[in-house]
Amino acid sequence: MDIEKLSSESLPDELIKRVAKIDQQHLALIKIISHLSNCMREGMGKDKIEDVLKFLKGYVEIHFSTEEEYMRKTNYHGFRQHKEQHDQFKVEVLNIIWQYK
C-alpha cells in the first residue's frame, strides 16, 4: 500500500465508515503513523520523533471524540465495545510515548 497515494476511497475496508469526516481522519491517522515509522526508521532526532508522537496523541483524541460523538448520535449498537478499543489504543499511544522518553 502506497501511503502517499492513499485516499479515503482506498482505505482498508475495516476503516471505511462512509462518513466523510471520519474517513478523512482515518486517512490522516494512517499517514501520521506512517510518518512516525519513517522518522524512526531513518533515525531522525529524538525531538522530531517526540513531536510526531505528541501530534499523534492529540489527533487520536480529536478523532476518537468525533467518532464517539457520531456513534452516540446514531445509536450505534457496538458503541461500548468500540469505545473500549479507543481507550485501549489511547493507552498504547501513551505507553509508546512513555517508553520513547
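**Entry 1: the overall layout**

I read along the sequence and got the pattern α-α-α for the protein chain. I note here that I am working on a predicted model. My tally of secondary structure came to 3 helices and 0 strands. Next I looked up burial: of the 101 residues in the protein chain, 36% count as buried. I also looked up the surface, and the protein chain exposes about 7,000 Å², with carbon and sulfur atoms supplying 53% of that. Then contacts: taking those between residues at least 6 apart in sequence, I find that 51% join residues at least 24 apart.

**Entry 2: helix α1**

I started with α1, residues 20–41. Does the span of this helix agree with 1.5 Å a residue, or disagree? I get 31 Å between the end C-alpha atoms, and the 22 residues should span 32 Å, so the two agree.

I then listed what is buried in α1: I22, D23, Q25, H26, L27, L29, I30, I32, S34, L36 and C39. I asked what covers the buried residues of α1, and the cover includes α2. Just after α1, I noted G43 with a positive phi of about 65°.

**Entry 3: the loop from α1 to α2**

I stopped at M44, which sits in the loop between α1 and α2. M44 has a relative accessible area of 33%, so I put it down as partly exposed. Not counting residues up to four places away in sequence, M44 touches C39 and I49. C39 is one of the buried residues of α1.

**Entry 4: helix α2, end to end**

I moved on to α2, which covers residues 46–73. The helix has 28 residues and reaches 41 Å from its first C-alpha to its last, close to the 40 Å expected at 1.5 Å a residue.

I looked at three residues in this helix, beginning with K46, which lies in α2. K46 is partly exposed, its relative accessible area being 42%. Which residues is K46 in contact with, leaving aside neighbours within four places in sequence? I found Y100 and K101. K46 and K101 are 55 residues apart along the chain, yet I get 8.6 Å between their C-alpha atoms.

V60 came next, also in α2. Its relative accessible area is 1%, so V60 is buried. Leaving aside neighbours within four places in sequence, I find V60 in contact with L29, F89, K90 and V93. L29 is among the buried residues of α1. For the pair V60 and K90, I noted 30 residues of separation in sequence and 7.2 Å in space, C-alpha to C-alpha.

The last of my three was Y70, another residue of α2. Buried or partly exposed? At 37% relative accessible area, Y70 is partly exposed. With neighbours within four places in sequence left aside, Y70 is in contact with V19 and I22. Y70 and I22 are 48 residues apart in sequence, and I get 9.0 Å from C-alpha to C-alpha. I22 is on my list of buried α1 residues.

**Entry 5: the loop from α2 to α3**

I looked up N75 because most residues other than glycine have a negative phi. N75 has a phi near 50°, which is positive in a residue other than glycine. I place N75 just after α2, in the loop between α2 and α3. With 66% relative accessible area, N75 is exposed.

**Entry 6: α2 against α3**

To describe two packed helices, I want the angle between their axes and the distance between the axes. The partner here is α3, residues 79–100. I find that the axes of α2 and α3 come within 10 Å and cross at roughly 170°. Angles over 145 degrees count as roughly antiparallel, and α2 and α3 are therefore roughly antiparallel to each other. I sorted the contact of α2 with α3 by class and got 13 nonpolar, 2 polar and 9 charged residues.

I finished with H82, found in α3. Is H82 buried or exposed? At 16% relative accessibility it counts as buried, the cut-off being under 20%. Leaving aside neighbours within four places in sequence, H82 is in contact with E67, M71 and Y76.

Note on methods. Residues numbered from 1 in each chain as written. Predicted model: local features only at pLDDT ≥ 70, side-chain atom pairs only at ≥ 80, totals over all residues. Heavy atoms only, no water. Helix = DSSP H or I, 4+ residues; strand = E, 2+ residues; numbered from the N terminus. Buried < 20%, exposed > 50% of the residue type's maximum accessible area, 1.4 Å probe, protein only. Contact = heavy atoms within 4.5 Å. Expected span 1.5 Å × (residues − 1). Areas by Shrake-Rupley, 256 points an atom, 1.4 Å probe, with all protein chains shown as cover. Axes fitted to C-alpha atoms, helices over the stretch in contact; angles between N-to-C directions. Parallel < 35°, antiparallel > 145°, perpendicular 65-115°, else oblique. Nonpolar A, V, L, I, M, F, W, Y, C, P; charged D, E, K, R; others polar.
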